[in-house]
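Visitor: I am new to this structure and should be grateful for a guided introduction. May we look at it together?

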Amino acid sequence: MQLILGLALAAAVFVVLKKWGALSPQGQKAAIWKIVLVAGGAMLLFMVLTGRVHVLTAAVAALIPLLRKLPALLRYAPLFRKMMGDSSGSQNEGANGPNGASAGQNASTPGTMSEQEACDILGVQPGCPRDDIVTAHRKLMQKLHPDRGGNDYLAAKLNEARDLLLGKRGV
């Protein structure tokens, strides 16, 4: 009996893997969602039938405090995606002007910022006077400094842009 079940399981795995290889990436994504939903439904049914729903209730109760922090955690999603190597969503965000939102998207290594990128980060025009650079840096730093709710990465990019532009002007 175990031999028959083992052969049936092996055949089922073979058929599933063969069909999986023939699916497009969109089809694979849809299949994963279906599998997750069916497995979740089967697990819920099993827990109801065996009287273990209290475990599920406790898990949901434990997740409620984490859901309150979800909006704060979602702001790190683009950074997480960038760290994982996904470049599909962040490339179209480009230069968003003087608000500093595009700080450092093209400079993956320190010290490789171009003059145009530095101007985009600070929201100034190439060849602008020194006072414009200092004023733009000061305004953005007041908004993006780590002590005021910003982060170290953006502050470093602002400083790098300022130093590059002021260095090119022979300060």
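**Helix contacts, core and cysteines**

Guide: Let us begin with a pair of helices in this predicted model. Leu 44, Met 47 and Val 48 of H2 are in contact with Val 53, Val 55 and Leu 56 of H3.

Visitor: How are H2 and H3 oriented to each other?

Guide: Helix H2 covers residues 25-50 and helix H3 covers residues 53-68. Their axes lie 7 Å apart and form an angle of about 125 degrees. Angles over 145 degrees would count as roughly antiparallel, and 65 to 115 as roughly perpendicular. The angle between H2 and H3 falls in neither class, and the two helices are therefore oblique.

Visitor: How many helices and strands does the protein chain have?

Guide: Read from the N terminus, the elements run α-α-α-α-α-α-α-α. The secondary structure of the protein chain thus comes to eight helices and zero strands.

Visitor: Which helix gives the largest share of the largest nonpolar core?

Guide: This core has 18 residues, and Leu 122, Val 124, Ile 133, Leu 158, Ala 161 and Leu 165 have the most contacts inside it. Two or more residues come from each of helix H6 (115-122), helix H7 (130-144) and helix H8 (152-168). The largest share is six residues, and the helix that gives them is H8.

Visitor: Which residues does Leu 158 touch, not counting those up to four places away in sequence?

Guide: Leu 158 is among the residues with the most contacts inside the core. Leaving aside residues up to four places away in sequence, its partners are Ile 121, Leu 122, His 137, Leu 140, Met 141 and Leu 144.

Visitor: How many disulfides are there by the rule used here?

Guide: A disulfide requires two cysteine sulfur atoms within 2.5 Å. For Cys 119, the nearest cysteine sulfur is that of Cys 128, at 6.0 Å, and Cys 119 is in no disulfide. Cys 128 is likewise in no disulfide. The count of disulfides comes to zero.

Visitor: Is Cys 119 buried or exposed?

Guide: A residue counts as buried under 20% relative accessible area. Cys 119 has a relative accessibility of 1%, so Cys 119 is buried.

Visitor: What is the average pLDDT of the protein chain?

Guide: Of the residues, 81% score at least 70. Over residues 89-108, however, the pLDDT is below 50, although this stretch has 34 contacts in the model beyond near neighbours in sequence. For the protein chain, the average pLDDT is 80.

Notes
Residues numbered from 1 in each chain as written. Predicted model: local features only at pLDDT ≥ 70, side-chain atom pairs only at ≥ 80, totals over all residues. Heavy atoms only, no water. pLDDT = per-residue confidence, 0-100. Contact = heavy atoms within 4.5 Å. Core = buried A, V, L, I, M, F, W, Y, C linked by side-chain atoms within 4.5 Å. Buried < 20%, exposed > 50% of the residue type's maximum accessible area, 1.4 Å probe, protein only. Helix = DSSP H or I, 4+ residues; strand = E, 2+ residues; numbered from the N terminus. Axes fitted to C-alpha atoms, helices over the stretch in contact; angles between N-to-C directions. Parallel < 35°, antiparallel > 145°, perpendicular 65-115°, else oblique.
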